[in-house]
Amino acid sequence: MNETHKRQIRNHSIIILIGILIIIVFGNETSWLRYFNILAILIILRSLIWFISNSEEILFYIFPTKTIREKKPKLKDKIWSHLSMVLFFSGLVFLIFQMGNIENIIEESSFWKNFGFLGFSFSLIGLFFLYKFQPSVFSESGRRYSVIFGFVFGLTGLTISTTSFLNKKNAEKQTVLTEFTINRKSTGGKKNRSHWIFIKIKESERRFEIKPNLWNKLKVGDRVLLELQKGHFEYDFVRKIKPTANTVYN
């Protein structure tokens, strides 16, 4: 790796570190100082975009391959390259279809973390065996990049979306009604017509999308009933959100 690349990597890494430190310092501010957090996020995103856009080149310089581009790749290598893209788009599509179910899981962050790590582990295992049985797949920089990218994000997305589907489909039949207080309300604006209420559950604030007519009836501080169902993987999720009798007629 030449000095220019080393300097760029070092500078952008320092910028990301500075942004993280700003968020740590001003993360709990409620005064005008909280706008430093927005600045820090923009700084971090700018450097992350640079890393992402230059990720193949950086990977090549750190772990060089035999060639950057092959003129006549083997058929098996081309098949694996296309298969990795199929994995990626399949994971992305299925994940999009399951986002509604995932957002209704009570411990959503734990679900993402646990099954995201499981999917990432599956991808590493798959890449390991692919390297053992078809090492030539990784001999070209561009193909190696697309295969690693497709396996990691594809298998991670497929794992998360599949477990979300099974968690709801094979859930226990019994449901439980639990009462909660609305902390705040929000909408997605003119372009996004979503209507959300925010409820504090287990020391964390959760956002739930509800229908506009119900959203208009509810006020901050009102009580609502969440119909909860235990999923197949022990992750409770919200089936319905109902107003209490007092809320409807206030």
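Is Glu234 exposed or buried, and what is its relative accessible area? In this predicted model, Glu234 is exposed, with a relative accessible area of 53%. The threshold for an exposed residue is over 50% relative accessible area, so the value of 53% places Glu234 in that class. Glu234 is located in the loop between β4 (223-230) and β5 (236-243). The backbone of Glu234 has a phi near 70°, which is a positive value in a residue other than glycine.

The side chain of Glu234 takes part in a salt bridge with that of Lys230, at 3.9 Å from N to O. A salt bridge also joins the side chains of Lys230 and Asp236, here with an N to O distance of 3.2 Å. Lys230, Glu234 and Asp236 are thus linked in a network of salt bridges. Side chains of opposite charge can pair when their charged atoms come close. Lys230 is partly exposed, its relative accessible area being 28%, and Asp236 is likewise counted as partly exposed, at 26% relative accessibility.

The loop between β4 and β5 also holds Phe233. With a relative accessible area of 30%, Phe233 is partly exposed. When residues up to four places away in sequence are not counted, Phe233 touches Phe115, Thr163, Leu166 and Asn167. Phe233 and Ala171 are separated by 62 residues in sequence, while their C-alpha atoms are 8.2 Å apart in space. Another loop, between β2 (195-201) and β3 (204-209), contains Glu203. Glu203 is exposed, with a relative accessible area of 70%. From Glu203 to Val220 the separation is 17 residues in sequence and 18 Å in space, C-alpha to C-alpha.

Across the whole structure, a search finds nine salt bridges. One of them pairs Arg143 with Asp77, whose closest N and O atoms are 3.6 Å apart. Arg143 belongs to helix α6 and Asp77 to helix α4 (residues 75-103), so this pair ties together parts that lie 66 residues apart in sequence. Both Arg143 and Asp77 are buried.

Arg143 is further engaged by Ser139, as the side chains of the two residues make a polar contact at 3.3 Å. Ser139 is situated in the loop between α5 (108-133) and α6 (141-169). The relative accessibility of Ser139 is 11%, and Ser139 therefore counts as buried, the limit for that class being under 20%. Apart from its neighbours within four places in sequence, Ser139 is in contact with Thr65, Lys66, Thr67 and Glu70.

The helices α1, α2 and α3 were examined next. Helix α1 (3-26) has 24 residues and spans 35 Å from its first C-alpha to its last, close to the 34 Å expected at 1.5 Å a residue. The buried residues of α1 include His5, Ile9, His12, Ile16, Gly19, Ile22 and Phe26. An α-helix has 3.6 residues a turn, so residues three or four places apart point the same way. Helices α2 and α3 are among the elements that cover the buried residues of α1. In helix α3 (residues 55-62), the residues Ser55, Ile58 and Phe60 are buried. The packing partners of the buried α3 residues are α1, α2 and α6.

On the surface, a nonpolar patch is formed by Ile23, Trp32, Tyr35, Phe36, Ile38, Leu39, Ile41, Leu42, Leu45, Leu48, Ile49 and Ile52. Together, these residues present about 1,200 Å² of accessible area. Helix α2 (residues 35-53) supplies the largest share of the patch, namely 10 residues. Phe36, one of the patch residues, is found in helix α2. Phe36 counts as partly exposed, at 30% relative accessibility. Helix α2 thus contributes to the nonpolar surface patch and also helps to cover the buried residues of α1.

Methods:
Residues numbered from 1 in each chain as written. Predicted model: local features only at pLDDT ≥ 70, side-chain atom pairs only at ≥ 80, totals over all residues. Heavy atoms only, no water. Helix = DSSP H or I, 4+ residues; strand = E, 2+ residues; numbered from the N terminus. Buried < 20%, exposed > 50% of the residue type's maximum accessible area, 1.4 Å probe, protein only. Polar contact = N/O pair within 3.5 Å; in protein donor to acceptor, adjacent residues only side chain to side chain. Contact = heavy atoms within 4.5 Å. Patch = residues over 30% accessible without salt bridge, like charges linked within 9 Å, V, L, I, M, F, W, Y side chains within 5 Å. Areas by Shrake-Rupley, 256 points an atom, 1.4 Å probe, with all protein chains shown as cover. Salt bridge = Lys/Arg side-chain N within 4 Å of Asp/Glu carboxyl O. Expected span 1.5 Å × (residues − 1).
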